[in-house]
Amino acid sequence: MRQYLDKLTNQLTMYRLMLYLLSAMAGIALILAFIDVLQFNPLSMLIGLILLVGTSLIVNYLFAYIFSVRAHGESALISALILFFIFSPPRT
């Protein structure tokens, strides 16, 4: 059992794990908004998520280009998903 867990954890980085978990949480939040469990407009949530992801990726690649370093897309996506949960969409 321990060998299986070691093999599993060696293949999955912490960035990837956080990205998967935050993506799942965002997906669940959107589903809950669609079925009216959350009091937010699902379209507003989806547009906000798309804007946050797009902005984070563009800024990440822009700064990577400016400072001549390698861009880290997973980090930008994690930051965008965290901001998705911090900022609430406008209520309609």
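Is the crossing of α2 and α4 left-handed or right-handed? The points below take up that question and then the surroundings of helix α4, with the caution that this is a predicted model.

1. The crossing of α2 and α4 is left-handed. These two helices pack at an angle of about 35°, and their axes lie 10 Å apart. On the α2 side the contact is made by Tyr15, Arg16, Met18, Leu19, Leu22, Ser23, Met25, Ala26 and Ala29, and on the α4 side by Glu74, Ser75, Leu77, Ile78, Leu81, Ile82, Phe84 and Phe85. Sorted by class, the residues of this contact comprise 13 nonpolar, two polar and two charged.

2. Helix α4, which covers residues 73–86, also packs against helix α3, residues 42–66, at an angle of about 145° and with the axes 8 Å apart. Here α3 passes α4 in a right-handed crossing. The contributors from α3 are Met45, Leu49, Leu52, Val53, Ser56, Leu57, Asn60 and Tyr61, while α4 supplies Gly73, Ala76, Leu77, Ala80, Leu81, Leu83 and Phe84. In this contact of α3 with α4 there are 12 nonpolar and three polar residues, and no charged residues.

3. For the chain as a whole, the model has four helices and zero strands, and read along the sequence it follows the pattern α-α-α-α. The radius of gyration is 16 Å, well over the 12 Å that the globule rule gives for 92 residues, so the chain is more spread out than a compact globule. Along its principal axes the C-alpha trace spans about 50 × 45 × 15 Å.

4. Burial and contact range can be read alongside those dimensions. Of the 92 residues in the chain, 25% are buried. Among the contacts between residues at least 6 apart in sequence, 61% join residues that are at least 24 apart.

5. The largest nonpolar core holds 13 residues, of which Met45, Leu49, Leu81 and Phe84 touch the most other members. The elements giving two or more residues to this core are α2 (14–34), α3 and α4, and α2 gives the most, with six residues.

6. Leu81, which has its place in helix α4, deserves a separate look. Its relative accessible area is 6%, and because buried means under 20%, Leu81 counts as buried. Leaving aside neighbours within four places in sequence, Leu81 is in contact with Leu19, Leu22, Ser23, Ala26 and Leu49. Leu81 is listed both in the contact of α2 with α4 and in the contact of α3 with α4. In addition, the C-alpha atoms of Leu81 and Val53 are 7.4 Å apart in space, although the two residues are 28 apart in sequence.

7. Ala80 is likewise found in helix α4, and it counts as buried because its relative accessibility is 0%. When neighbours within four places in sequence are left aside, Ala80 is in contact with Leu52, Val53 and Ser56, each of which is named among the α3 residues that meet α4. Between Ala80 and Leu22, which stand 58 residues apart along the chain, the C-alpha separation is 9.8 Å.

Notes:
Residues are numbered from 1 along each chain as its sequence is written. This is a predicted model: local features need pLDDT of at least 70, side-chain atom pairs count only at pLDDT 80 or more; totals for chains, interfaces and linings use all residues. Side-chain values use heavy atoms; hydrogens and water are left out. Axes are lines fitted to C-alpha atoms, for helices over the stretch in contact, and angles run from 0 to 180 degrees between N-to-C directions. A crossing is left-handed if the near helix is turned anticlockwise from the far one by less than a right angle, and right-handed if clockwise. Contact means heavy atoms within 4.5 Å. Ala, Val, Leu, Ile, Met, Phe, Trp, Tyr, Cys and Pro count as nonpolar, Asp, Glu, Lys and Arg as charged, and the others, Gly among them, as polar. A nonpolar core is a set of buried Ala, Val, Leu, Ile, Met, Phe, Trp, Tyr and Cys residues joined through side-chain atoms within 4.5 Å. Buried means under 20% relative accessible area, exposed over 50%, partly exposed in between (1.4 Å probe, protein chains only). The radius of gyration is taken over C-alpha atoms; the globule rule is 2.2 Å times the number of residues to the power 0.38.
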